[in-house]
Amino acid sequence: MAATPDQLHELLSYCMDFAHTMLKDSGEFFPFGATLSPDGEVAAVGGWDGDERPKSQEIYQLLAGAFISAVGEGRVIGVALAADVNVPDRYNSPVKDALRVQLEAPGFARFIYVPYELLLPSLTVAEPTWVMHEPFAVEIKPMFFPLPSDKM
């Protein structure tokens, strides 16, 4: 069974909503993710290495390894791996900070960037507010669902 565009959108929406909540509550977030099961269920996935202040790159790699295993065992048909990044200059983002979601399913692999910023109180903003800008997608080489030619 292949993931539908609506199911992939559900994975992305979960990541956007969770990142926004974490920004509002903590002002930051560590890598996290979500999976799509063959029966269409979206499940949240977090990683913990025992550290109270883990290194983001280590958590990202921990989650990536778990996703590779889940795909190999046929337990998932789609994955979303989210991280807090700076948007590369070549993409001309309105702001540098972004949620980046590595969204993958068989035949589909993209980085979805969602730039965000904190608007401080002003004449037009009553209280500090996290604003998510328009997402944009960048096609990437698949990591979790490699193409048949990548396996050789």
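Me: What percentage of the 152 residues of the protein count as buried?
Reply: This is a predicted model, in which local features need pLDDT of at least 70 and side-chain atom pairs count only at pLDDT 80 or more, whereas totals for chains, interfaces and linings use all residues. Residues are numbered from 1 along each chain as its sequence is written, and side-chain values use heavy atoms, with hydrogens and water left out. Buried means under 20% relative accessible area, exposed means over 50% and partly exposed lies in between, with a 1.4 Å probe and protein chains only. Of the 152 residues, the share that counts as buried is 39%.

Me: In what order do the elements of the protein run from the N terminus on?
Reply: Helices (H or I, at least four residues) and strands (E, at least two) are DSSP runs, numbered from the N terminus. The protein has two helices and seven strands, and from the N terminus on these elements run α-β-β-α-β-β-β-β-β.

Me: What is the radius of gyration of the protein?
Reply: The radius is taken over C-alpha atoms, and the globule rule is 2.2 Å times the number of residues to the power 0.38. For 152 residues that rule gives 15 Å, to which the computed value is close, so the protein is as compact as a globular protein of that length, with a radius of gyration of 16 Å.

Me: Which element gives the most residues to the largest nonpolar core?
Reply: A nonpolar core is a set of buried Ala, Val, Leu, Ile, Met, Phe, Trp, Tyr and Cys residues joined through side-chain atoms within 4.5 Å. Of the 22 residues in the largest one, Leu11, Phe29, Leu99, Val101 and Leu103 touch the most other members. Two or more residues come from each of helix H1 (5–26), strand S1 (32–36), strand S3 (78–86), strand S4 (97–105) and S5. With six residues, the element that gives the most is H1.

Me: How many residues make up the second, separate core?
Reply: This core includes Ile59, Ala70, Ile140 and Phe145. Its number of residues is 21.

Me: Is serine 122 buried, partly exposed or exposed?
Reply: Serine 122 is placed in the loop between strand S5 (108–119) and strand S6 (129–132). Because its relative accessible area is 43%, serine 122 is partly exposed.

Me: How far apart in space, C-alpha to C-alpha, are serine 122 and aspartate 39?
Reply: In sequence, serine 122 and aspartate 39 are 83 residues apart. In space, their C-alpha to C-alpha distance is 47 Å.
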